[in-house]
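Visitor: Before we begin, I would like to hear the reasoning behind each label you use, and not the label alone.
Guide: Then let us take the labels in turn.

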Amino acid sequence: MTFVPVSSKLDIAMKNRVAEFRSTKGLTQAQLAAAMNVSRQTINSIETERYTPSLPLAIALARYFERPVEEVFDDNPGRDEHG
Amino acid sequence: MTTLGETNMVRRLAVPITAVLLGAAAWAAQALGGDFLGGAVSFAILAAYGILVLVLSSRSDVGRVLAGDPPDERYRAIDMRALAAVGLVLILYVIGGFLWEQAHGRSGAPFTLMGAVAGLTYLGFVIYGRLGG
C-alpha cells in the first residue's frame, strides 16, 4: 500500500461510509449519536461529509462498527489501494 | 435525551451568572458615574440575556454553545471558529479606528494600546501552544 501524506489537505472533508455501516446495523442517526455521545446533527454532518470527526471519534465509530478505521474513513477514495 | 449532570448544570450556569454579575458591575459603574437609571437598564439587558441563554441551553444545541457548554466536538469547533471570527472583527475594528484617529491628526489612542494588547496576547498564546504541544 502506498503511503499518501495528508498533511497538506487537512481542511478537506474525508469520504466515509458511516451512513452505510449505520444502516447495516439498523440504527437511526439519533441512536448512533447517543452511542457516540454526540448530537444527531453531528452524525448527520459526518455522513454528509461536511464535518471530519476528531481522531478519537473516528476511532470510536470504527470500533463501534467493528471495522478498521481506514475502511470507515478514506482521505483519498480515488487512489489505487494496491498501488 | 441528554441527562443533565451536575457538571453540565454548573457549566450552563456559568454564562448566565457571569451576565448577571457583569450587569451588576455595569449598574454600579454607571451609578458611580451619576447615571443610576442607565445602569439599571444595562443590568436588565444583561440579566435578560443570561436568562435567555439559560432557557435556550436546555432546549437546543446552539443554546448550549451560547451557554458555554457545547454538546460535542463539532459544536466546540463551531464555538472556536465563532470566537476566532469575533477576534478578527475586533482586530479589523481596532485597525480601522487606529487609521481613523491617525488620519485626523491624533495619536491613535486607545486603538494603539488595544492593538498592542491583541498582538501580544496572540503571540503569547502561539508560544504557549507551541511549548504546551
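**Labels and their grounds**

Guide: In this predicted model, the crossing of H2(A) and H4(A) is right-handed.

Visitor: What are the residues of these two helices, and at what angle do their axes cross?
Guide: Helix H2 of chain A is taken over residues 29–36 and helix H4 of chain A over residues 55–65; their axes come within 11 Å and cross at roughly 115°.

Visitor: Why is H2(A) called roughly perpendicular to H4(A)?
Guide: The crossing angle is roughly 115°, and the class "roughly perpendicular" covers 65 to 115 degrees, so H2(A) is described as roughly perpendicular to H4(A).

Visitor: How do you know that A:Glu47 forms a salt bridge with A:Arg22?
Guide: The closest N and O atoms of A:Glu47 and A:Arg22 are 2.5 Å apart, and the criterion asks for a side-chain nitrogen of Lys or Arg within 4 Å of a carboxyl oxygen of Asp or Glu, so the pair qualifies. The pair links distant parts of the chain, with A:Glu47 in helix H3 (residues 40–47) of chain A and A:Arg22 in helix H1 (residues 18–24) of chain A, 25 residues apart. A:Glu47 and A:Arg22 are both buried.

Visitor: What makes B:Glu101 buried and B:Arg106 partly exposed?
Guide: B:Glu101 has a relative accessibility of 14% and therefore counts as buried, the limit being under 20%. B:Arg106, at 42%, counts as partly exposed, because that class lies between the 20% limit and the 50% above which a residue is exposed. These two residues form a salt bridge, in which the closest N and O atoms are 2.7 Å apart.

Visitor: Which residues are linked with B:Arg64 in a network of salt bridges?
Guide: The network links B:Arg64 with B:Arg12 and B:Asp69. The side chains of B:Arg64 and B:Asp69 meet at 3.2 Å, N to O, and both residues are buried. Over all chains, the structure holds 7 salt bridges.

Visitor: Why is B:Val62 called exposed?
Guide: B:Val62 has a relative accessible area of 53%, and exposed means over 50%, so the label follows. B:Val62 is found in helix H3 of chain B and belongs to a nonpolar surface patch with B:Tyr49, B:Leu52, B:Leu56 and B:Leu66, which together have about 430 Å² of accessible area.

Visitor: Which helix gives the most to the nonpolar patch?
Guide: H2(B) gives the most, with 3 residues, while helix H2 (36–57) and helix H3 (61–66) of chain B each supply at least two.

Methods: Residues are numbered from 1 along each chain as its sequence is written. Chains are lettered from A and ligands numbered from 1 in the order in which they are written. This is a predicted model: local features need pLDDT of at least 70, side-chain atom pairs count only at pLDDT 80 or more; totals for chains, interfaces and linings use all residues. Side-chain values use heavy atoms; hydrogens and water are left out. Patches are made of residues with over 30% relative accessible area and no salt bridge: like charges are joined within 9 Å, nonpolar side chains (Val, Leu, Ile, Met, Phe, Trp, Tyr) within 5 Å. Accessible areas come from the Shrake-Rupley method with a 1.4 Å probe; for residues, only the protein chains shown count as cover. Helices (H or I, at least four residues) and strands (E, at least two) are DSSP runs, numbered from the N terminus. Buried means under 20% relative accessible area, exposed over 50%, partly exposed in between (1.4 Å probe, protein chains only). Axes are lines fitted to C-alpha atoms, for helices over the stretch in contact, and angles run from 0 to 180 degrees between N-to-C directions. Angles under 35 degrees count as roughly parallel, over 145 as roughly antiparallel, 65 to 115 as roughly perpendicular and the rest as oblique. A crossing is left-handed if the near helix is turned anticlockwise from the far one by less than a right angle, and right-handed if clockwise.
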